[in-house]
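Reader: Can you walk me through this one? I'm new to it, so keep it simple.
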Amino acid sequence: SDDKLLDNLKYQLGFDFNNETAEGHKIKNTKQSISDIAGFLSLQYLPITSLTIQPSLRVIKNSKYDAPIIPALNLRWQTTDNLFLRLAYSAGFRSPALKEVYLEFVDVNHNIHGNENLKAEESQSINFSATYSSTNEDFHYKIEPKFFYNKIDNLITLAEVSSGVYNN
């Protein structure tokens, strides 16, 4: 990251790697692995001191699922000394965890089966908030309404598929 790139521009750049491996009699075919590597870039631009614009991008390569490019955009505007407005949009992606796909756990108390047909979860999110605060000699008060919208496709969750039998 660099906060001195320009007076009004900062950036953060990075990557991460995740590898999940499981081996044993409760894993389908005894051994399974899922991994991903991702790179991200985030900029923070202040065209004027009261406005912050922060776009970001994440690129993911998963060993089992096709991942889209994940964008996000955050805006923060200080309209007055007491009022801040925030607006954020982001996409999301979550590949199923190894146990959600390959775990076969059956005993007296459990009957859980992974689902090899799971699709990756994808989402869209929009958030808006306004924060008004003020202080006088006696007290400090703040009003902060928040609104959000989330849309999730292919939600991954543990579900009962028949009496006592669970699947992702």
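Reader: Why does Tyr 149 count as partly exposed?
Author: Because its relative accessibility is 47%, and partly exposed lies between buried (under 20%) and exposed (over 50%), with a 1.4 Å probe and protein chains only. This is a predicted model, where local features need pLDDT of at least 70, side-chain atom pairs count only at 80 or more, and totals for chains, interfaces and linings use all residues. Residues are numbered from 1 along each chain, and side-chain values use heavy atoms, without hydrogens or water.

Reader: Which strand is Tyr 149 in?
Author: β11. Strands are DSSP runs of E, at least two residues, numbered from the N terminus.

Reader: New topic. What volume does the largest pocket have?
Author: About 250 Å³. A pocket is an open set of 1 Å grid points, with protein on both sides within 12 Å along at least five of seven lines. Its volume is the space filled by probe spheres set on the points.

Reader: Which residues are closest to the centre of the largest pocket?
Author: Asn 18, Asp 36, Ile 60, Asn 62 and Ser 95, out of 16 that line the pocket (an atom within 4 Å of a point).

Reader: Which element gives the most to that lining?
Author: β3, with 4 residues.

Reader: And the second largest pocket, how much space lies there?
Author: About 180 Å³. Its lining has 14 residues. Nearest its centre are Asn 74, Leu 75, Arg 86, Leu 87 and Ala 88.

Reader: Which elements give two or more residues to that second lining?
Author: β4, β5 (70-78), β6, β9 (121-135) and β11 (146-153).

How values were computed: On a 1 Å grid over the protein atoms alone, a cavity is a set of points where a 1.4 Å probe fits but cannot get out, and a pocket is an open set with protein on both sides within 12 Å along at least five of seven lines; lining residues have an atom within 4 Å of a point.
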